[in-house]
Structure formats: structure tokens, C-alpha cells
Amino acid sequence: LAYLHLWAPHTPYKPTKQFDKIFQDNYRPAKKPDHRFGTHIEYYKLNNRRQNYDEFIANVDAEFGRLIDTLEANGALDNSYVVVVSDHGESFERGVEEHVTKLLYETLTHIPLLISAPGQQARQDIYVPTNNVDILPTLLKLTGHPIPDWTEGKLLPGFGGVEDMERSQFTVEAKGNPAYAPLTQATVAMVKGSHKLIYYSGYEAEVSFELY
């Protein structure tokens, strides 16, 4: 088992010269109203940062491709699973830059999960929502180990799990709280089926919700 933590494409966004300014194509994403919990950064600044972030992602993608080519060339992929996952995305909309925010929109919470199996020749797309906590029990099953009772996740679809579109998915943002004290300020998002509910607590006199 090897765990590789790629710090990039984290800030500061510094792509190599090969990838600098490769996305200067005049693309302008839809302009969304600033959120009251946003930091009210101007639209053009957000778009410039988004462009820089995309350049850095392309840079990291190319480097990851070199790693995969090397593993394939030396035969390591003949008996190895490769799992690519993230902890969060970045936001460049609603007046918010990056991920230090009270907000929990899809730009932050909808993250990639890619798994390559030994000898796999064709892609298989899974469209049901899953969680990072599902990776542990799935890897344990794939390697023939028992799954402890305390494991919170479920087996991933395609690896013994079922496709459950009605499973509730939760995300919590509470970085402003002391580590060992009750939560006094938090944002909680729940996705279930085709709906998403966001709950804000402790930021204003009354709690508030957004339903999509």
C-alpha cells in the first residue's frame, strides 16, 4: 500500500511555464449573485483565479500521467489498484475564492473518485453519489481483509456495493470552532436523491436553510 498526497493543485497556484496561460480562451462562466456569507471578491478577479487554477490542474494531471506511465511500464499496475480522490474542490463564484468559506456548494463538495483495477481495459461510469468513507471498506474487501464493525462507509458500486440513489450524503463545515468543544457555528449540507439542503447555524441570530 502506498499513499501519495499531492499538495498541488493547492494554493499558491504556480503551474510550470508549459501550462501557464493555456486557458486564455475568453471563456466566462455564468455570473452568480454574491452570497451574504461570501467575501465579495469581484467577478473578474475570481475568473482570473479560476483560470490560473485550471492551468495548475492541467499541470498536475500531466505529472500524474507520467506516474501512471512509469507504473505501467514496470509492471506495477498488473496487480495494483489505483485510487484517485480529493478532499474538496475550490470555489470561484458567488464572491467566494478557494475553500475557506461557510458555503458548501457543489464546487467544493462534488469531488472526483477514480479507480483503476488490475488489467482493466475499459471505463465504467458510476453516477450514484458516494463518499470518501466508502474507500476503506472497499479496499479491505478487495485485499481479502475483514471489514471492522466501526467502519462508517459502504462498499462502492462496481466493487460489491449497490447503487443507492436515495442514500443521504452529508458534508459539514465547522472550521471556526474549537477542536474539542461543542459546535457553535457550522454549515451542514445533505444531498438525497435530486435534492440538496444546506443548513446554516450560529452565524446569524436565526438558523437558515437553502433547498435545491
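Me: What gives the most to the lining of the second largest pocket?
Reply: That's α1, with five residues. Bear in mind that this is a predicted model. The pocket holds about 320 Å³ of space, and 19 residues line it, with P29, R50, F92, E93 and T107 the closest to its centre. The elements giving two or more residues are α1 (43-73) and β2 (91-93).

Me: How do you know which kinds of residue make up the lining of the second largest pocket?
Reply: Asp, Glu, Lys and Arg count as charged, and the lining has eight charged residues, next to seven nonpolar and four polar.

Me: Why is T143 called exposed?
Reply: Exposed means over 50% relative accessible area. T143 comes out at 52%, so it counts as exposed. You'll find T143 in the loop between α3 (135-142) and β5.

Me: What makes the reach from the side chain of T143 to L140 a polar contact?
Reply: The cut-off is a pair of N or O atoms within 3.5 Å, and the T143 side chain reaches the backbone oxygen of L140 at 3.2 Å.

Me: How do you know that β6 and β7 pair?
Reply: Pairing takes at least two bridges, and seven join β6 (residues 186-192) to β7 (residues 195-201), running antiparallel. In this pairing, A189 stands opposite I198 in β7.

Me: Why do β5 and β8 stand at the edges?
Reply: The open sheet runs β5-β6-β7-β8, with antiparallel pairing. β5 (169-173) and β8 (208-211) each have a single partner strand, so one side of each lacks a neighbour in the sheet.

Notes: Residues numbered from 1 in each chain as written. Predicted model: local features only at pLDDT ≥ 70, side-chain atom pairs only at ≥ 80, totals over all residues. Heavy atoms only, no water. Helix = DSSP H or I, 4+ residues; strand = E, 2+ residues; numbered from the N terminus. Buried < 20%, exposed > 50% of the residue type's maximum accessible area, 1.4 Å probe, protein only. Polar contact = N/O pair within 3.5 Å; in protein donor to acceptor, adjacent residues only side chain to side chain. 1 Å grid on protein atoms, 1.4 Å probe; cavity = no way out; pocket = protein on both sides within 12 Å on 5 of 7 lines; lining within 4 Å. Points joined across faces, edges and corners; volume = space filled by probe spheres on them.
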